[in-house]
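Thanks for coming, everyone. I'll take you through one model this morning. Please have the structure open and follow along.

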Amino acid sequence: LKMALRLAAVGLAVCVAISYGAVLRQEDDILFDTIQSFLVEPDSYVAALGFSRSKRSSGDWDKEFNLNSVGASVKIKYDDPENQLKGGKAQVVFENLKKYVKRARSSFVKLDIKFDGGDSPRDGLFSLEVEYELHHQGVEKGKFEATRSKSNGLWMSSIKNQNTQKPDVKPILPTFEIKGKSDRKTMASGTYNSQRYGDYVFNVDRVPGKSMKATLEGEGRVYVLDAQLDKAEKKLNANLDANGFNYQFEADFNDDGKEMELNLKVNLGTAGTYSVDMSVDYKKFTKGSLEVKFNNNDFAKLKMKGKLDKSAGNAKYEVRYSTVAFGEGKLRFARAKTPSGGEMKAQYLPKTGLDLLFNGKRVVGEDNSMNLHVEVTRGGEIYLEYNIDLKPDNTADGYQMNVESQFDVNEKSLLYPVFCSYGCFKRRSLNAKMFVNKDKPYKIDFDVHLFKDAEEVLTVDIDTRQSPYVMKLIAPRILPKILPTGRKSIEFEADHVPGKYLHVKSNTNMLSSFNVDKLGNGMRKVELNGKELVQADFSKGDNTITQTTTLPDGRSLTTTVSWDKDDMKKNKVNVKLDGTERQLDANFEWDFYNTEDLKFKGQGNGQNKRWGKYMISRDVKMSAKSGVLKLDLTGHAEFEKFWMPSPVETVMKVMLDTNNKEYSIDASKTFNGKKMGLTLNNGKLSLTL
């Protein structure tokens, strides 16, 4: 349900919060601005959550958005499309929210929303109505209403929810009503009535910048908050009478432009008293302290000293601590920038028990090679150690990057069981090289070998320098979990002699072999999976081949391949699979004639048992000009069933300057809004997690 409300932006959660707008200053009413922003630019809201805009909306709606992977839709109809802030209606539907949001209580969710912005979109007056339908243990229906008006100089707010059909259990949204009024400066008052929580009355009296008194009364209880602010002395005193229990809060703040001091005192009655004294030299960051006491007894003490040189990129700090929970000890941190890279150290040095030391060093060579070494030890024993070498190499006809890395994990490390969830190992090593031709960047040699405890768990071999072209992906631990067939590898080989033949073979079920041979009479012979399909002189309208395979158990698969023209460098190809257990409709388009503007696009929509309904697209642009190679890749994928959160966004940008021996790689994956990535710029590595 929470996701559905966020998608609508003006759903129930926002409406509840709006009722408190009566005590907010108009220029701070962010929530009202959010509603208006959603009306004017709904695309940005829903796109951030992975929705795609329908190219054609039905006549009943002005805008429609869909997230097919989770069966969700958002529709909008404006009262006046030329003045969208006047309002309109929206509909939000989740076919099965609980299936994708495990903590959600409802499966089917439907929200019908009406919003009226009034005569002026800037006066903060509006009315909002939401009719909702929630399917959980029974069907829950209701109407949620929120209005804001102005009368006799006072802002009047009303919000209420009424159940019109109750489920078999307690409703998710109870029947309630809130009414309030305020001049937005000195006073606010209102009432709250609910079948579930009872009836309450609240009043707020305020002298701006000096004092405030707030009272909440109901169900035989009275809560009074009395606060006094002295701006000149920078002091705040507050007292809370919680139905006979008194709590006191005092704050004393001082800032001389160089150092800040903050003193807090909290008296929680029988629960005890707390005090916090904090100071920090925020101009030079050379010293700081924190002292926490409970019932006048020391609870925690921290004292920091050090120095920071922003211009040089150097820092060195030590924190001495004494706490009830962790005892006594020191924390140290140092970072130093060197001409060839930099070093970083972090140390946890308890007075008793094992220490924890982190040491990291990065060295960048004149040729932009890089070595990164990280070591984590505890009590003198290595718990984690990582080393990676990146070595660029220019050859006469291309650019090559060699990578070697090794990662050692001690079984005593807390991270060892974390890595075990992906396959336990004590040592992981990587050997990789990537070669790209300077003038023909589609001619590459990409070779990767990943080992875990001497067992090779990943092999990638892509070689397009000369025929036969090879593409191999061997991943016995990963691929069986992803591929519907459970296969441990994907292997393709293409032998192509332009004007004579094209022979493709693979270890996949759908395409074990595909051969096109030019005969002596100019005809073409086409074979698919070992069976001759046709001999013909292909014209543009004939470029389609189809084959159906039926297994003894009745399962069948029909493969259809069609192409635009007889040109390997520039073409459009469509591949369709129509089978008992899988369907796929994939389109590919490429243009490799101009090495300064190479293009490739691919998109596939399909369905199988492993992924359910899915969509995968890739857009690749490459260029090679004057020794500078560039690659720009974007991708989008949605999966109904997948082991990682969906949708998945992929971005990769690569630049290789063979003249100046410079390179940069910026790659990221975004899983349902959560981004992970890395950037490598001439030996400087940074991660985004």
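Start with the largest nonpolar core. This is a predicted model, and its largest nonpolar core holds 27 residues. Leu111, Ile113, Leu128 and Phe144 have the most contacts inside that core. Which elements build it, giving two or more residues each? They are β2 (63-67), β3 (72-78), β4 (87-94), β5 (109-116), β6 (126-136), β7 (138-151) and β9 (176-182). Strand β6 supplies the largest share, five residues. Another core lies apart from this one. That other core has 25 residues, including Leu557, Trp590, Ala637 and Phe671. As background, nonpolar side chains in soluble globular proteins tend to be buried together.

Now the chain as a whole. The protein chain has 689 residues, and buried ones make up 35% of them. It has seven helices and 46 strands. About 39,700 Å² is exposed, with 52% of that supplied by carbon and sulfur atoms. What about contacts along the chain? Take the contacts between residues at least 6 apart in sequence: 26% of these join residues at least 24 apart.

Next, one residue in its surroundings: Met401. Find it in strand β26, residues 398-409. Is Met401 buried or exposed? Buried, because its relative accessibility is 9%, and the cut-off for buried is under 20%. Which residues does Met401 touch, leaving aside neighbours within four places in sequence? The contacts are Leu390, Lys391, Pro392, Ala432, Lys433, Met434 and Tyr663. Look at Lys391 in that list. Met401 and Lys391 are ten residues apart in sequence, and their C-alpha atoms are 5.8 Å apart in space.

On to the aromatics. The count is 13 aromatic pairs. One of them is Tyr274 with Phe294. Their ring centres are 4.8 Å apart, the planes make an angle of 40 degrees, and the pair is tilted. This pair links distant parts of the chain. Tyr274 sits in strand β17 (residues 273-281), Phe294 in strand β18 (residues 287-294), and the two are 20 residues apart. How accessible are these two? Tyr274 has a relative accessible area of 37%, so it is partly exposed. Phe294 is partly exposed as well, at 29% relative accessibility.

A second pair to look at is Phe419 with Phe425. Why is this pair called tilted? Because the planes stand at 50 degrees, with the centres 5.7 Å apart, and tilted covers what is neither under 30 degrees nor over 60. The two residues are covered to different degrees: Phe419 is partly exposed at 24% relative accessibility, whereas Phe425 is buried, with a relative accessible area of 3%. Phe419 and Phe425 also belong to one aromatic cluster with Tyr386 and Phe407.

Now the backbone. First, some background: most residues other than glycine have a negative phi, and most peptide bonds are trans. Where is a cis bond here? Go to the peptide bond from Ser467 to Pro468, where omega is near 5 degrees. Pro468 lies in the loop between β29 (455-463) and β30 (469-474).

Then two asparagines with positive phi. Asn243 has a phi of about 55 degrees, although it is not a glycine. Asn243 lies in the loop between β14 (235-242) and β15 (245-255). It counts as partly exposed, because its relative accessibility is 37%. Asn296 has a positive phi too, about 65 degrees, and it is not a glycine either. Asn296 is in the loop between β18 and β19 (297-309). Is Asn296 buried or exposed? Exposed, because its relative accessible area is 69%, and the cut-off for exposed is over 50%.

Last stop, the surface. Leu678, Leu685 and Leu687 form a nonpolar patch there. Together these three leucines have about 260 Å² of accessible area. Leu685 is in strand β46, residues 684-688. At 35% relative accessibility, Leu685 is partly exposed.

That's the tour. Over to you for discussion.

Definitions and conventions. Residues are numbered from 1 along each chain as its sequence is written. This is a predicted model: local features need pLDDT of at least 70, side-chain atom pairs count only at pLDDT 80 or more; totals for chains, interfaces and linings use all residues. Side-chain values use heavy atoms; hydrogens and water are left out. Patches are made of residues with over 30% relative accessible area and no salt bridge: like charges are joined within 9 Å, nonpolar side chains (Val, Leu, Ile, Met, Phe, Trp, Tyr) within 5 Å. Accessible areas come from the Shrake-Rupley method with a 1.4 Å probe; for residues, only the protein chains shown count as cover. A salt bridge is a side-chain nitrogen of Lys or Arg within 4 Å of a carboxyl oxygen of Asp or Glu. Helices (H or I, at least four residues) and strands (E, at least two) are DSSP runs, numbered from the N terminus. Buried means under 20% relative accessible area, exposed over 50%, partly exposed in between (1.4 Å probe, protein chains only). Contact means heavy atoms within 4.5 Å. A nonpolar core is a set of buried Ala, Val, Leu, Ile, Met, Phe, Trp, Tyr and Cys residues joined through side-chain atoms within 4.5 Å. Rings of Phe, Tyr and Trp (its six-membered ring) pair if their centres lie within 6.5 Å; planes under 30 degrees apart count as stacked, over 60 as edge-to-face and the rest as tilted.
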